[in-house]
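Hi,

Here is the structure I promised to pass on. Have a look, and then read my notes below.

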There are 2 protein chains.
Amino acid sequence: MSQCPAARIGDRLDEIDTPALVVDLDVLEANIRRMSAFAAERGVRLRPHAKTHKCSAIARLQIEAGAVGICCQKVGEAEAMADAGITDILVSNEVVGRRKLDRLAALSKRVRVAVCADHPGNVDDIDAAAARWDTVLTVLVEIDVGGGRCGTQPGEEALTLARRIAAAPNLRFGGVQAYHGPAQHKRTHDERRAAIEVAGRDLRRTLDMLEAEGLSSDIVGGAGTGSYAFETASGVWNELQVGSYVFMDHDYALNQGADGGPVQDFGHSLTIKTTVMSAPAPDRIITDAGLKAYTTDCGLPALMGCPGGEVLKASDEHTTIRFARPGDRPALGEALHLIPGHCDPTVNLHDWIVGVRGGRVECLWPVDARGALF
Amino acid sequence: MSQCPAARIGDRLDEIDTPALVVDLDVLEANIRRMSAFAAERGVRLRPHAKTHKCSAIARLQIEAGAVGICCQKVGEAEAMADAGITDILVSNEVVGRRKLDRLAALSKRVRVAVCADHPGNVDDIDAAAARWDTVLTVLVEIDVGGGRCGTQPGEEALTLARRIAAAPNLRFGGVQAYHGPAQHKRTHDERRAAIEVAGRDLRRTLDMLEAEGLSSDIVGGAGTGSYAFETASGVWNELQVGSYVFMDHDYALNQGADGGPVQDFGHSLTIKTTVMSAPAPDRIITDAGLKAYTTDCGLPALMGCPGGEVLKASDEHTTIRFARPGDRPALGEALHLIPGHCDPTVNLHDWIVGVRGGRVECLWPVDARGALF
């Protein structure tokens, strides 16, 4: 079920078979440098989220550029990253069930690993797994700072859970996880700032209560590519868990900056290369990438460098593109590049990332943790 | 990048790790039997679409039940199916580019294979590939019967292309491909019937023109799970390319039958097993499957057998479910089953299908053609 790469190292861009997941290495590296420099200048740690790329080669570039480690969402992702040499991993998510917790405890024998919890029964289960494996697991309390998903309420509920972690014989209290997902995609600068201000107050209050009982938080983690500047400016968070900045989803490019214009912190490094496989009408083409090559949960992909074209529809194996002026229409067999609406689930559809620089394939990176669901 | 299965043969249903793609074998087999019996009774051939399951074990069950072969959309899918022993494959799609056409020609040395075309230049390219491989390739003309995607126009344009195929030294004219995608998802019985009536007239007219020139169509293919009864009743099509009936997407279950009630030809055999990983509020749970375990291009998944629950949101690794009555809310660690809105791209996210009967895991089927994009 693992597929061959769509290219060979040394191929020209036009020789890459399609559909293929292509990364512009210059843009990727500039994105990584820029976020690393930001974190270093502001004095916050950077722990990028590997759920975005699921690729140990990119995780290594991030760590070489200054990241303290990575985040994962699944034990299987963490295992794949550890097997590829990554040694400091925060599972920024709850892990439930004996089999998964045993794997997490086993992993902690090999690399530095931490996990989140939001439920007392789950804390007891993590402690029992650590005991079975004769290890100590680091556990963060996840608090809901506005996302409405997982997490205890800030304040008393978080404090109660932190006490339970600290009191457990095989656990170490590691800090607080406070990620605000919906804030990432609020379109205006002021909406995003306001959401993180509220989150920051809830988080600060919780940290004060913890510190009053001597519970110090090694990690105060959160922030995404849509909001990281606000978490950093607050002075409350000490680790940024940004993921999408390496690739830049089309959806993030729709966010507005302080001046009302598009946010332009990072470039689009990731595209789907696709080929015109049908040109049935003067104003329409069909290309060979569809819902099995990119996802549409954050909207249709955008066309890169193809003036006059508009993506109309995605079906399982096809993209339908309309051209207002028939003269703009590419011919059968020509290639186009699509910028995915949402990179994370899109990358998860592919086994390989084709790395390109100066029009040639420079590397083929396995998406190590593709399909690592549990 | 290929993952371990979420279970072992003999496991109880509750021992399957999550998220996992689970198939109820009794329901699957009943679906396969029912469609085979329908085709046999009506005197049409059945060539199910393997783009739905991408799984040679299921393709074999379909063929054992009477199907004449299978359809694929990609050369890579066809290669995977051929490698697993399937010997009659129609690529019901255009294949463009020398590398892919060479692979198709190579494949034709091993199994019976046919492909579609809608462009004279592509016909010439297929002919050249067949010549390079000293083989004869069977080519169908795809006509657009209302889908607005690939395909020549019915009538004169189709005839011109068929002549070109018939005249090419290394090609055999194989018939007509006439699939109406949008008709599958029109909600009322009358809308679907009307769409296929129009398609059938266009197709009949085209076939008459072909036959008048001595171009007989071995395959007149089309039909999907939403419309197959209409194509069959028309007497124009001779092969059904239905795919989704084996699993039954939630979206198809929203179609109305002749009586205005839901269509109930086939049962839901495929679910995503998922576990409650957070229960942060009395009316809300979060489970461990998200956009990397199912797709939402045809809407959110439905809950199977979980009264009172409503799927609110899918994020990358989470599903948020609301319960109007807190007493209905499952507890942390309990399992639920989700019926995907769209099975085809959902199956493509998974390496394994876990086959269950009577509450026990009976088989683990590789999704052979998962990720076969080109």
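What follows is a short tour of the contact between the chains and then of one part of chain B.

First, the ground rules: this is a predicted model, where local features need pLDDT of at least 70, side-chain atom pairs count only at pLDDT 80 or more, and totals for chains, interfaces and linings use all residues. Residues are numbered from 1 along each chain as its sequence is written, while chains are lettered from A and ligands numbered from 1 in the order in which they are written.

Now the contact (C-beta atoms, placed from the backbone, within 7 Å). Chain B and chain A each put in 58 residues. On the side of chain B that touches chain A, S10(B) gives the largest share, five residues.

How are the copies related? A turn of 180° and a shift of 0.0 Å along the axis lay chain B on chain A with an RMSD of 0.0 Å (least squares on the C-alpha atoms of residues with pLDDT of at least 70 in both). That is the relation of a two-fold axis. Of the contact residues of chain B, 100% recur in chain A, so the same surface serves both copies.

Next, strand S8 (residues 219-222) of chain B (strands are DSSP runs of E, at least two residues, and helices runs of H or I, at least four, numbered from the N terminus). S8(B) runs parallel to S7(B), joined by three bridges, and pairs in the parallel sense with S9(B) over two (pairing takes at least two DSSP bridges). B:Gly175 has B:Ile219 as its bridge partner, and B:Gly221 has B:Glu239.

Cheers

Notes:
Contact = placed C-beta atoms within 7 Å.
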